[in-house]
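Thanks for sharing this one. Here are some notes to read alongside the model, in numbered points.

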Amino acid sequence: AADTPLSRRLACGDVEGQLEALFRRVRAIQGKSGHFDMLLCVGNFFGATSEAEWAEYRTGAKKAPIPTYVLGANDQKTVSYFPDVSGCELAENITYLGRRGLYSGASGLQIAYLSGTESQDEPAPDYSFSARDVSELKTSLLSNPDFKGVDILLTSPWPRDVGTFANSAGEIDTKKCGSKLVSDLAASLKPRYHFAALEKAYYERLPYRNHTVLQETPQHVSRFIALADVGNTSKKKYLYAFSITPMSLMDPAELVKQPQDVTENPYQKSRKEAQKTKARLCAEEEPACQFFFDLNKHQGKKRPSDGKETGNSQPKQAKKPPQPTGPCWFCLASPDVEKHLVVSIGTHCYLALAKGGLLPDHVLILPIGHYQSVVDLSSEVVEEVTKYKSALKEFFRSKGKRYVLFERNYRSQHLQLQVIPVPLDHCTPEDIKESFIAQAQEQQIELVEIPEHSDITQVVQPGTPYFYVELDTGEKLFHRIRGRFPLHFGRAVLASPALLALPQQADWRRCAAGRAAEEEAAQARAFRRDFQPFDFSLRD
């Protein structure tokens, strides 16, 4: 009965030796809500004032009201409470899981655990874990070819960067708090629930996915919950109740269902960096492992030097964007750019009116350097594109409009993000999405919706042709181009009767060629004047 297929569990943050307060609360919860099968404690189970209370439980004078499983010490002061590093019963109904490992219940529920705080030392102190500990725990589980993840992961420290793509963690800075090794462990073990403590804060992160959308088979989501300390005066949540069926007993389709608020995996960046580092180290070690060929002796046709062979120790310069192979109308330094259309210039991007735009305030966001698509952009350019989108959203909303942005990475040389405003009272975001999807179906174009917290760079590789739509609500549509694609598809949808009801080849500049530049310049000046208060690049 202690480990049924659908079991009810409690998780708890730092107890700090306040056993009476904890178990009194557990009894109250069970009296009100019924029986729970297990209590899982993360963080500091013991504290500076533990001895008196603990003696009563250790001698059997008192008993925990529920099977309780705890992690090990996080500092030298409490190491003595854990006599066996491999795990042991500390008192009746209170079990120390051990330094690291996997607890498997009778029902098949799998609980991975890692005791202590991160250490750079090898071997790590008794109250810490090292990179080797994490690696050995991962290897023991990932060596099973059928491994899909664990049901629960217990660690004391938070994983570093857990707040990426997610709701705010309040005063806790998730970029500085916690352990990178725990992040790596969570990314590899894919727990359905991950509990941690030590920060004296409660934080229930939005669930995150464990697969790349449109590139990998859907997998279950993970939920990270950080719990506060028992009896804290701020009344922050330190007990968390949940029901769980072991992954091994669930219907596969039910297991991989994605909730509406699911986000991208917060550890993707760190995992990619780790993979790159590993690949680089392997490459550096490879010559020493060659029996038959000395790869340091260049024979035949040489590869271009990167400065390493010549002993060049100068710092590596930031990677420059690729140069155009011919004239480019959109590189800002090019003489072909029609500079009278430019509205705003930032550090890495600029804003310009569209030549032959659908509307007078149809604008383009363009990189100053030569990039072909959004997925080719460097991080600093992406950051500035995001700032321009935010400024345009604010600007157009002040005019009673919402924008639709689209990109066609097909038969185009330089990235152009087309931004077209639509009156708020004219159509809803759902109307816009339905119009794009309906016209796509008519032309046998597969237009799919990208989940809200996803990014275009996570669903398509550089060099792949695609069409992309983004609303100022954050909703996104995507089509991977595999053959021919109508060049004016985005314009045609927005000019249709369902949206703006404009002519298919709408052009607001119906003027003689001799007066075109003057009218364009006047439109740009007017836009620049109105947009200036919203333009981040003009602020101090």
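1. A good place to begin is a charged cluster: Arg99, Arg100, Asp133 and Glu136 are joined in a network of salt bridges. Please keep in mind that this is a predicted model, so the distances below are computed from predicted coordinates. The count of salt bridges comes to 22.

2. Within that cluster, have a look at Asp133 and Arg99, whose closest N and O atoms are 3.8 Å apart in a salt bridge. Asp133 belongs to helix 3 (residues 131-142), while Arg99 sits in the loop between strand 5 (94-96) and strand 6 (100-104), so this pair ties together parts that are 34 residues apart in sequence. Both Asp133 and Arg99 are buried.

3. Asp133 has another partner, Arg100, and here the closest N and O atoms of the salt bridge are 2.6 Å apart. This pair also links distant parts of the chain, with Arg100 in strand 6 and Asp133 in helix 3, 33 residues apart. Are the two residues buried or partly exposed? Asp133 has a relative accessible area of 9%, under the 20% limit, and therefore counts as buried. Arg100, at 29%, is partly exposed.

4. Further along the chain, Asp472 and Arg397 form a salt bridge, with 3.1 Å between the closest N and O atoms. Asp472 lies in the loop between strand 22 (466-471) and strand 23 (476-480), and Arg397 lies in helix 7 (residues 379-398); the pair links distant parts of the chain, 75 residues apart. Asp472 is buried, with a relative accessible area of 5%, whereas Arg397 counts as partly exposed at 34% relative accessibility.

5. Helix 4 (residues 180-189) deserves a look of its own, being mostly covered, with eight of its ten residues buried. The buried set consists of Leu181, Val182, Ser183, Leu185, Ala186, Ala187, Ser188 and Leu189. At the start of helix 4, a side-chain oxygen of Ser179 comes to within 3.1 Å of the backbone nitrogen of Leu181. Just after the helix, Lys190 adopts a positive phi of about 50 degrees.

6. Now to the sheet. In what order do its eight strands run? The order is 16-17-18-20-19-22-23-21, in an open sheet with antiparallel pairing. Strand 16 (342-345) and strand 21 (448-450) are the edge strands, each pairing on one side only. On average, neighbouring strands of this sheet are turned by 25 degrees against each other, direction ignored.

7. For a detail of the pairing, follow strand 19 (residues 401-409) and strand 22, which pair in the antiparallel sense over six bridges. Val404 stands opposite Leu471 in strand 22.

8. Helix 7, already met through Arg397, packs on the sheet and touches strand 16, strand 17 (349-353), strand 18 (363-367), strand 19, strand 20 (417-423) and strand 22. The direction of helix 7 makes about 145 degrees with that of strand 19. Helix 8 (residues 429-442) packs on the sheet too, touching strand 19, strand 21, strand 22 and strand 23. The direction of helix 8 makes about 165 degrees with that of strand 22. Strand 19 and strand 22 are thus worth displaying with both helices, as each helix touches them.

Terms used
Residues numbered from 1 in each chain as written. Predicted model: local features only at pLDDT ≥ 70, side-chain atom pairs only at ≥ 80, totals over all residues. Heavy atoms only, no water. Salt bridge = Lys/Arg side-chain N within 4 Å of Asp/Glu carboxyl O. Helix = DSSP H or I, 4+ residues; strand = E, 2+ residues; numbered from the N terminus. Buried < 20%, exposed > 50% of the residue type's maximum accessible area, 1.4 Å probe, protein only. Polar contact = N/O pair within 3.5 Å; in protein donor to acceptor, adjacent residues only side chain to side chain. Pairing = 2+ DSSP bridges. Axes fitted to C-alpha atoms, helices over the stretch in contact; angles between N-to-C directions. Contact = heavy atoms within 4.5 Å.
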